[in-house]
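Student: I am new to this structure and would love a close look at one part of it. Could you walk me through the largest nonpolar core, and then show me how the rest of the chain fits around that picture?

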Amino acid sequence: MAKKSALNHHVKSDSDFRFHEMEALWRLSSAISRTLHLDELLQTTIETFLSSFNSLSGIEIYLYQRDLKTLFIRSHRGLSPDIVGTGTLRLGEGLAGGIAKSRTPIFLENLSSSGLFDPRVFEKEKLVSFGGVPLLSGEKLIGTIGLYTRSTYRFSVEERRILPEMGSMIGSMIENAQLFEQADVRAKRYVTICNVITATRRLGKITELLGDLSEVLVTSLEYDQSWIGLKHSTGEIIGRGGYGKCMDDDAVHFKYEFSAGEQSPLSLAVNSRKPEIHAFIDDLKPGPFQDWIHKLEAQSFGLFPIVSGNQTLGVIGVFYQTDRNFAEEDIKTLVRISEQTASALENLQLYEHIKTSEKQYRTVFESSGSGLIIVDENMNFILVNRAFEDLCGHDREKLVGKMKLPLFFLNESLDTKKLLPEKDSSSLEIEFKNSRGQLKQVFATSTPIPDSRSWVISLVNLTKQKELEKKLFRSEELAAIGELSAGIAHEIRNPLASITTSVGLLKDEKTISNEGIELLDILKEEAEHLAVIVDDFLLFARPKTPV
């Protein structure tokens, strides 16, 4: 009878546990099937475990990132930072890493005597027992779940059997939630890429572009921080844009100088032209880069080189201040963004070069002493310089788009084909009438602007030159008259001298009569009078010395 009673008690206990087991599984299945959002699913899982196992004091859930072969803590309850640590574990590292590597559960009644960890940590937290199982979806490792108690607890055979089943159920649901999350993230990434394209297509200053891009990376892709540095001509990487927590001016303008033999993640990204992903900041070697990362309070980061051809233009950095991992899709998206950024930087550099050249050409255009204008095929003014404003007497506001060049021609019917050649350049003189009705002689040279229906015309005011030419011509005439006068005077003086001499000789003759002497005196007097006239003519014709 006693045996029968004991048997009935055992059967009842086993039946009760089976009922409890089924109830726990049903509650878990019912709870986690209500949502496809990963964070909600994990919080629901923790709540269900805490309500189903009264002795639990803490829970941790690690998720596995296959490409990095790393576990990242995604959710926990009742555990201090000393227990959670950095939140990242390699396979085989720690309890969760051991479970993930072996894909088998671990149950420890006494953590401090296990020899796996520093017992002082668990004594401080008063954690005594542990039970953990892998989260699997079929044969695929999804992560691990760890359960802690603050009193000695021996996991029963039944619990050791049901917990792996619950791990498989949770693993399958997490995988579905991750797929849903990836689809949602992928949609966000497409939106982000569109925002990046919009930001990078705007023409402006490089610092404005990089500042906008940094903000897009944080607000759209939910990174805690972003930073963009460009490679200087001296070889340094100098920060030009940044956004997020702890990203003050000093952090944004971080300057990285390459030193021989240094192998920091930043130097590797620049030199290899490949992304550098780091989930463990404890691996960083001491130096300026490590100091900068610590200042940002980053726990994990990715560096993506901005590459154009075989040249590295700079680096895009994204950072998590919490324990987060970089999914493969994240990396692909950031690579695309870095490629888009490279194109944008090249366009901006070309744009800035064009703007600089435009300023230089505009300075030359404005400072020219000749009147310079640009007209279209209908002779409408497109652009004029100050010298042309002075020439025509109008401000450019009255000229551009409102007046035509032929309005200033004395002959408005001038053939425009001569002034607007299809090829090469043409030149001609034009009588130009300004706003005050003054006539000016202008020499116009017109040159077609390639790949446009517009011409640049240079107008040189020849009015003063023409006046000088007239004065010069008059001076040449007077000089010619002077030379002619000298010749005439020479030709006249010689005969006069002969006449005067002959008269003197004849007067000395004894045979000459008184009447003859009178005639000779008259002849001498008229010759002398004629000589005076010649002298006066020469004096008048001789060029005057300016006073």
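Tutor: Happy to! One term will help us from the start: a residue is called buried when its relative accessible area is under 20%, exposed when it is over 50%, and partly exposed in between. C246 has a relative accessibility of 31%, so this cysteine counts as partly exposed. C392, by contrast, counts as buried because its relative accessibility is 0%. Please keep in mind that what you see is a predicted model. In this model the count of disulfides is 0.

Now to the core you asked about. The largest nonpolar core has 25 residues, and the members that touch the most others are F49, I145, L163 and I174. Several elements each give two or more residues to this core: the helices α2 (38-52) and α6 (157-201), together with the strands β1 (58-65), β5 (129-137) and β6 (140-149). Of these, α6 gives the most, with 7 residues.

Let us zoom in on F49. Leaving aside residues up to four places away in sequence, F49 touches L56, I59, I145, L147, L163, M166 and I170. I145 and L163 are in that list, and both are also among the members that touch the most others in the core. In soluble globular proteins, nonpolar side chains tend to be buried together.

For another buried spot, look at I373, which lies in strand β13 (residues 371-376). With a relative accessible area of 0%, I373 is buried. Again leaving out residues up to four places away in sequence, I373 touches F365, F381, L383, V384, F388, L405, W455, V456, I457 and L459. One of these partners, L383, is 10 residues from I373 in sequence, and their C-alpha atoms are 5.5 Å apart in space.

Helix α9 (residues 265-272) also has buried residues, namely P265, L266, S267, A269 and V270. Just after α9 comes R273, with a positive phi near 60°.

Finally, step back to the whole chain. Its secondary structure comes to 16 helices and 17 strands. Of its 547 residues, 40% count as buried. Among contacts with a separation of 6 or more, 54% join residues 24 or more positions apart. The chain exposes about 31,000 Å², and carbon and sulfur atoms supply 54% of that area.

Definitions and conventions. Residues numbered from 1 in each chain as written. Predicted model: local features only at pLDDT ≥ 70, side-chain atom pairs only at ≥ 80, totals over all residues. Heavy atoms only, no water. Core = buried A, V, L, I, M, F, W, Y, C linked by side-chain atoms within 4.5 Å. Buried < 20%, exposed > 50% of the residue type's maximum accessible area, 1.4 Å probe, protein only. Helix = DSSP H or I, 4+ residues; strand = E, 2+ residues; numbered from the N terminus. Contact = heavy atoms within 4.5 Å. Areas by Shrake-Rupley, 256 points an atom, 1.4 Å probe, with all protein chains shown as cover. Disulfide = S-S within 2.5 Å.
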